[in-house]
Amino acid sequence: MSTVNVFPKACLKVDQRINLKWWLHFLFFALLFGVSFGEVRYVLPEEMQRGSVIGNVARDLGLKVTELDARRARVVAEGTSQLCELETASGNLLISQRIDREELCAQASLCILQYQLLLEDPLQAHSLVLDIADINDNSPVFAAEEIKLDLVESTVLGRRFPLESAHDPDLGTNSIREYKLSPNDHFALEISTQINGNAYPELVLKKALDREAQAEHVLKINGIDGGKPVRSGTASIHIRVLDANDNVPVFSQRVYKASLPENSAVGTVIATLNATDLDEGVYGEITYSFSHLSDKTGGVIEINPLSGEVRVTGLIDYEEASTHELDVQAKDGGGQASHCKLIIDVMDLNDNKPVIEIKSASANVAEDSKPGTMVALINVYDLDTGSSGRVTCTISDNVPFKFVSEVKHYYMLVTDGMLDREFQPEYNITVTATDAGSPSLSSVNVITILVNDINDNPPTFTQREYNANILENQPVGTFVMKVKAEDIDYGSNAKLLYQISRDTNSEVSSFLNINSDTGELFTSRLFDYEQSVHFQIKVTARDVGDPPLSTTCNVNVFIKDQNDNAPVVLYPVQTTGFIAEDMVPVEAPRGYLVTKVVAVDADSGHNAWLSYRIIRATQSNLFMAGLHTGEIRTVRAFMEDDEPKQTVVILVTDNGRDSLSATATVSIVIGDGLPVLNELFEFTDDSQDSDNLTLYLIIALTAVSSLFILLISGVFYFKLCRRSYVYRSTTANLPVFPTTYCPPSFTDFSRCGTLLNDDRYDSFLTTGSWRGDFRFGSNTDTDTLKQRSAAYQKHTLRRASTDRASLKVRAGAPHPCYVVK
């Protein structure tokens with residue numbers, strides 16, 4: 001404990017004259033209290049000017065002055081008004097309001113004010129005690145400026161007449177030390193002491209009164225205190241000399257004592273005083289009155305002037321005053337009076353709820369705070385005494401906080417476990433203070449603590465892998481798809497930025513751009529299905545926390561084909577100025593295979609399905625073209641008037657939405673003497689056609705019936721098993737091309753004909769080619785396709801110029817499949 005005296009020099013001179021014994025007693029209690037609570041005590045006189053320095057708190061507590069501002073130091077009162085303040089720039093404790101000891105502590109021997117010095121970051125509390133010393137700032141005051149006495153002339157010499165003492169709220173030597181009476185011949189002034197040690201003046205008759213000689217006497221009485229400088233109060237004594245009233249009222253007791261519970265109802269009788277006077281008539285009539293009432297007693301207690309009953313007229317509050325000492329006067333009709341003392345002890349009741357004051361609270365606490373981190377300092381006290389003033393403080397259950405108390409009446413709210421903002425971002429902690437009175441009283445206060453977020457959760461994508469489809473040839477900047485990630489953190493820790501991951505192949509990473517804020521992906525180049533059908537990128541979502549956290553997902557992009565390639569005619573070779581001629585025997589019957597137009601399309605799927613039709617011919621009724629095979633056959637037998645050289649123009653179109661086409665010019669020469677090959681003959685006669693049609697109808701009817709029965713059986717089976725799954729391809733209406741018609745040396749890439757294939761090959765097969773057609777594959781590399789086409793054209797011209805028989809094909813054998821690589 002450190003005790004500091006802050007008396008100014010003038011007060012120190014006065015203090016040197018103070019009774020040594022009183023100061024030893026005072027210092028003993030100061031030492032006792034200081035050691036008990038580890039507090040810094042300042043002894044200062046009352047009535048110091050505002051702004052006066054009480055002491056240097058920083059120096060006395062061993063703190064650095066720079067800490068005060070940095071840690072937001074401040075002084076808070078405990079149950080009293082704020083009478084001092086802290087000057088953080090110098091560390092001085094200053095007077096902020098007038099300090100009147102009499103107003104704060106009445107006439108208590110010790111006047112102690114308790115304050116707390118609070119510092120934050122970290123939160124600390126230091127106890128400050130102000131011991132207010134009395135100074136002589138009050139003059140003695142008599143209750144009445146004029147004291148009236150009626151004395152009979154027969155009053156015996158030496159008779160004493162008690163006078164009402166003057167009141168001085170100061171203590172010790174500053175209180176009243178003596179009384180002086182103005183010079184006169186009949187009266188002297190003597191001081192008497194009551195049982196409780198209080199002194200009061202008595203007027204003593206020294207010379208016989210003679211009403212006829214002097215009917216009135218006017219005297220002056222001075223009450224003088226012992227302070228420096230001396231203060232005094234004056235009252236006038238007006239004495240009337242009367243005829244015979246030789247008995248004064250006499251109280252049955254010199255001191256009356258009574259006990260009264262606080263908060264007693266108005267009208268409650270506290271005590272009944274009794275005084276008697278042996279005189280008769282008006283001289284025996286007694287009236288009771290209080291000689292002096294303090295401000296705290298006035299309006300609270302009154303006495304019946306005739307019966308002497310003392311009753312409650314206001315609120316009796318133990319916390320306001322625990323004891324009332326009243327001087328009571330009994331005065332008869334002749335003006336003679338006597339006095340007694342009434343001592344009222346107020347009994348404390350549990351009428352005050354505990355007080356919960358939040359001295360300092362951190363509204364926010366980081367979720368990674370360690371257990372034991374202080375978040376609030378709470379002052380809990382009860383104005384009651386005894387068991388009613390003992391307070392127990394608790395907080396709500398199931399919260400990661402607890403109370404720690406190291407200073408009396410102060411509780412530190414600290415963390416008692418790990419916090420998780422994502423689990424609970426806010427705590428409303430109910431603080432309950434309950435006293436030990438009967439019945440007990442309690443108070444409740446709620447402290448709201450917000451948990452500050454830290455970046456402890458990485459982002460997560462809504463899907464681990466995304467698939468996107470995009471048509472080829474889309475312009476740069478075309479929207480592809482949007483990836484989305486979520487972060488359960490808060491604020492900036494949950495703000496996400498998207499980017500193409502560095503783990504992505506450096507070439508592929510430039511295919512797409514990403515909006516860093518929204519996660520939207522856009523093309524950054526044109527895509528060609530014939531070059532690439534699929535690629536994969538990795539997208540990273542990164543938050544902007546400190547340190548940042550990230551996660552990655554895969555995005556698969558599939559390029560969809562567009563009809564952007566026109567058919568290319570491989571045979572007959574189309575060259576400027578020269579067209580190879582195909583020869584047909586003049587005896588060829590109807591349906592005879594003359595030649596075949598072979599074309600390929602670099603697209604795939606529907607876009608690569610080709611159709612053939614004649615758009616121009618020398619004779620329109622002589623040849624026909626297979627719709628899907630490109631085979632040119634005779635429609636009828638040749639006649640003599642037919643032109644020996646025929647030219648047929650074939651239009652080749654694909655099956656795309658916006659179909660593309662190419663034309664092939666076929667030159668046919670009708671030759672005489674060429675053999676007719678049965679292998680190239682397709683039609684027999686009409687009867688055979690009719691029989692075939694009938695057979696087809698029977699087969700179709702049987703197939704439909706079988707499908708119907710199979711459908712009924714499937715429905716029944718589904719009802720029983722409830723787990724059958726039927727998959728119906730979206731391409732069910734497309735023609736199916738069996739791979740058994742390709743020679744063993746041909747590799748089926750699952751895109752024979754117009755079906756899909758891997759990334760390198762597109763093979764095409766037309767409907768009906770099992771009856772004798774040419775099968776070609778196409779490489780997506782256009783340059784390679786042109787080279788293969790030119791080679792094939794040279795080969796065909798070479799064979800056509802040698803002999804017509806070079807086109808001979810064995811009947812019943814499938815045509816070879818040509819795969820261009």
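**Salt bridges, strands and a surface patch in a predicted model**

Q: In this predicted model, which residue forms a salt bridge with K645?
A: The closest N and O atoms of the pair are 3.0 Å apart, and the link spans distant parts of the chain, from strand β51 (residues 645-654) to strand β45 (residues 581-585), 64 residues apart. K645 is partly exposed at 45% relative accessibility, and its partner, at 36%, is partly exposed as well. The residue that meets K645 in this salt bridge is E581.

Q: Are R636 and D642, which form a salt bridge, buried or exposed?
A: The closest N and O atoms of R636 and D642 are 3.0 Å apart. Because buried means under 20% relative accessible area, the 17% of R636 places that residue in this class. D642 has a relative accessible area of 9%, so R636 and D642 both count as buried.

Q: How many residues apart in sequence are the parts tied together by R160 and E190?
A: The side chains of R160 and E190 meet in a salt bridge, with 2.5 Å from N to O. R160, partly exposed at 38%, lies in strand β10 (residues 160-162), whereas E190, partly exposed at 27%, lies in strand β12 (residues 187-193). The pair therefore ties together parts of the chain whose separation in sequence is 30 residues.

Q: Which residues of strand β31 point to the buried face?
A: Along strand β31 (residues 426-435) the side chains alternate between two faces. E426, N428, T430, T432 and T434 point to the face that is not buried. The side chains on the other face, which are buried, are those of Y427, I429, V431, A433 and D435.

Q: Which residue in β32 is the bridge partner of Y427?
A: Strand β31 is joined to strand β32 (residues 442-452) by nine bridges, and the two run antiparallel, with a hairpin of six residues connecting them. β31 also runs antiparallel to strand β28 (residues 391-395), through five bridges, and in that pairing I395 stands opposite V431. On the β32 side, the bridge partner of Y427 is I449.

Q: Which strands stand at the edges of the open sheet β18-β22-β21?
A: The three strands of this sheet are paired antiparallel in the order β18-β22-β21. An edge strand has a single partner strand, so one of its sides is left without a neighbour in the sheet. The strands in this position are β18 (269-272) and β21 (301-303).

Q: What is the bridge partner of I303 in β22?
A: Three bridges join β21 to strand β22 (residues 309-312), and these strands run antiparallel. Within this pairing, the residue of β22 that partners I303 is V310.

Q: Which residues does S236 touch, not counting those up to four places away in sequence?
A: S236 is found in strand β15 (residues 232-242), and its relative accessible area of 13% makes it buried. With residues up to four places away in sequence left out, the contacts of S236 are E145, E146, I147, V218, L219 and K220.

Q: What accessible area do the residues of the nonpolar surface patch have together?
A: The patch consists of L693, L695, Y696, L697 and I699. One of these, I699, has its place in helix α6 (residues 686-721) and counts as partly exposed because its relative accessibility is 49%. Together, the patch residues have an accessible area of about 540 Å².

Conventions:
Residues numbered from 1 in each chain as written. Predicted model: local features only at pLDDT ≥ 70, side-chain atom pairs only at ≥ 80, totals over all residues. Heavy atoms only, no water. Patch = residues over 30% accessible without salt bridge, like charges linked within 9 Å, V, L, I, M, F, W, Y side chains within 5 Å. Areas by Shrake-Rupley, 256 points an atom, 1.4 Å probe, with all protein chains shown as cover. Salt bridge = Lys/Arg side-chain N within 4 Å of Asp/Glu carboxyl O. Helix = DSSP H or I, 4+ residues; strand = E, 2+ residues; numbered from the N terminus. Buried < 20%, exposed > 50% of the residue type's maximum accessible area, 1.4 Å probe, protein only. Pairing = 2+ DSSP bridges. Contact = heavy atoms within 4.5 Å.
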